[in-house]
Amino acid sequence: MSGELDPNQADAPSDVSSNEVYATPKPVSRFTRWYRSPLFNVIIVGLISFTQPGIWNALNNTGAGGQQEPYLVNGANSLTFGIMVFGCPLFAILSNKFGLKRILMLGTLGYAPYSASLYVNNRYGTEWFVLFGGVTCGIAASALWASEGAIALGYPTVKDRGKFTGIWLGLRELGQLIGSSIQLSLNVKKNQRGKVGYETYLVLIGLQCAGLPLSFLISPPQKVIRPDGTKLEDPTKNKAVLKEFRRAWALLKTRRIFLLLPILIGFNWNGTYLNIYLTKYFSVRSRALGALTSGIAATAANIFWGWFLDLKVFSRPKVAKIAWFSFVTIMLSLFGWQIANQKKYEEIVPKVTLDWDTPGFGRAFASTVLFRFMNESHYMFVYWIIGTFNNDIETLTLSVGIVRSFESFGSAVSFGLGAAHGVSPMANLLTAFVMFVICIPTTSLVVFQVPEHPTEKELLIEESTEDVVASKTTAAPERGVEV
């Protein structure tokens, strides 16, 4: 809204039916501007992500959650992602009804029980708790991913979305860096295969409990103060849940979302294979080192792509093409390298245990680090692509829910395959390779559709005349500040 009173209307009676409200804005302190800024909110979301999926990743990237065998944990992970298939779009819809902050707070409550279940299983051998923890983690992750992704993409302006996505995902990797550093320090003397010490879990569970207090610091969209003065509308106003389901379905049927489904389902299948590979062939301390270096690689990916995707040197369509075809070239090379590694180690008799002082360790280990770099690059790229098409936070929230739903479907199936005792590591690797090849042509078609500027929501989804008028009214830049 305008920050100044129109002198021609100063004495005019108030028009209650008008969408414009003329008033002198309240003075806003520098602290409030920082507290309500997109940057502060994205940093807080990143720190929440650090305490929740960041710690989860730290455990997962040791191979099988730090356990000696991968099957139980892969089964729990499959259960988690199976819940997220339906939970992510559901919580995206509920976010537009009840608010991003409330859903985000719910998303901080289910990760710690899962980590606690790994502790109990590690120390006492209890298995049912791991599956129960997979359920609580699935519900919480559905809420967390639907809300935090919408905040990271929707709060900043489109020109800053690459950097802010990098900050969000980079801080998430801080959880992996700290968690894996703790694991490595506690397991540095274990140069044989096995499971990590149970003390590891106690420290990480403590870190995960910090997520809920942090979530209270998030601002609702309508109170965010952008540097350029534009305001975000309140997505919860006059929202009917059934209408949001229809909007989500209409968004799912758009050509770009449909073409992105293969990469959402198939890109990260190699993650399940990497867990099996680390568990089968590496010592405990090498797996802990793998978790640490994976965090470093992912952080490097977030920093690099956060910078590159917002470059002003190239147009946005050209940036998309350069990034995607670089991905394709590197991933095809990595798969060739890893197939050669897998064939070598599965044929060695007796079974090999790779430790960092073992000859040939570098060849076996380096490919896992590069895979982690590329997997994180994929997250950056997909979220950035979504942000190039959509400009309003309501549609972005639904888009993030759809993205996470299909990513979760792929992860659920891949972890289910990894939990099967009769499926060889090579079969898992070749499946991941085939899934990646399938996504190349469809994602390329989306990349060639990337616009220079995002369109408004009424151009994306069929809405009633009243909704379109309301969208045009609220989409106009407003210079007033409400805190």
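Is L274 buried or exposed? Select it and see: L274 is buried, with a relative accessible area of 1% (buried means under 20%, exposed over 50%, partly exposed in between, with a 1.4 Å probe and protein chains only). Before we move on, note that this is a predicted model, in which local features need pLDDT of at least 70, side-chain atom pairs count only at pLDDT 80 or more, and totals for chains, interfaces and linings use all residues. Residues are numbered from 1 along each chain as its sequence is written, and side-chain values use heavy atoms, without hydrogens and water.

**Around L274.** Colour helix α13, residues 269-281, which holds L274 (helices are DSSP runs of H or I, at least four residues, numbered from the N terminus). Now add V369: its C-alpha is 9.9 Å from that of L274, although 95 residues separate the two in sequence.

**R285 and its partners.** Next, show R285 and D355 as sticks. Their side chains form a salt bridge at 2.5 Å, N to O (a side-chain nitrogen of Lys or Arg within 4 Å of a carboxyl oxygen of Asp or Glu). The pair links distant parts of the chain, with R285 in helix α14 (residues 284-308) and D355 in the loop between α15 (316-346) and α16, 70 residues apart. R285 is buried at 12% relative accessible area, and D355 is buried at 3%. Then add D357, whose side chain also meets R285 in a salt bridge, at 3.7 Å, N to O. D357 lies in the loop between α15 and α16 and R285 in helix α14, so this pair ties together parts 72 residues apart in sequence. D357 is exposed, with 55% relative accessible area.

**A cavity to look into.** Which residues line the second largest cavity? Among them are F81, W269, H378, Y379, R404 and E407 (a cavity is a set of points on a 1 Å grid over the protein atoms alone where a 1.4 Å probe fits but cannot get out; lining residues have an atom within 4 Å of a point). The elements giving two or more residues to this lining are α12 (255-266), α16 (361-389) and α17 (393-419). Helix α17 supplies the largest share, 5 residues. Stay on α17 and select R404 and E407: their side chains meet in a salt bridge at 2.6 Å, N to O. Both lie in that helix, 3 residues apart, about one turn, and both are buried.

**Last stop.** Finish at L242, in helix α11, residues 241-252. L242 counts as exposed, at 63% relative accessibility.

How values were computed. On a 1 Å grid over the protein atoms alone, a cavity is a set of points where a 1.4 Å probe fits but cannot get out, and a pocket is an open set with protein on both sides within 12 Å along at least five of seven lines; lining residues have an atom within 4 Å of a point.
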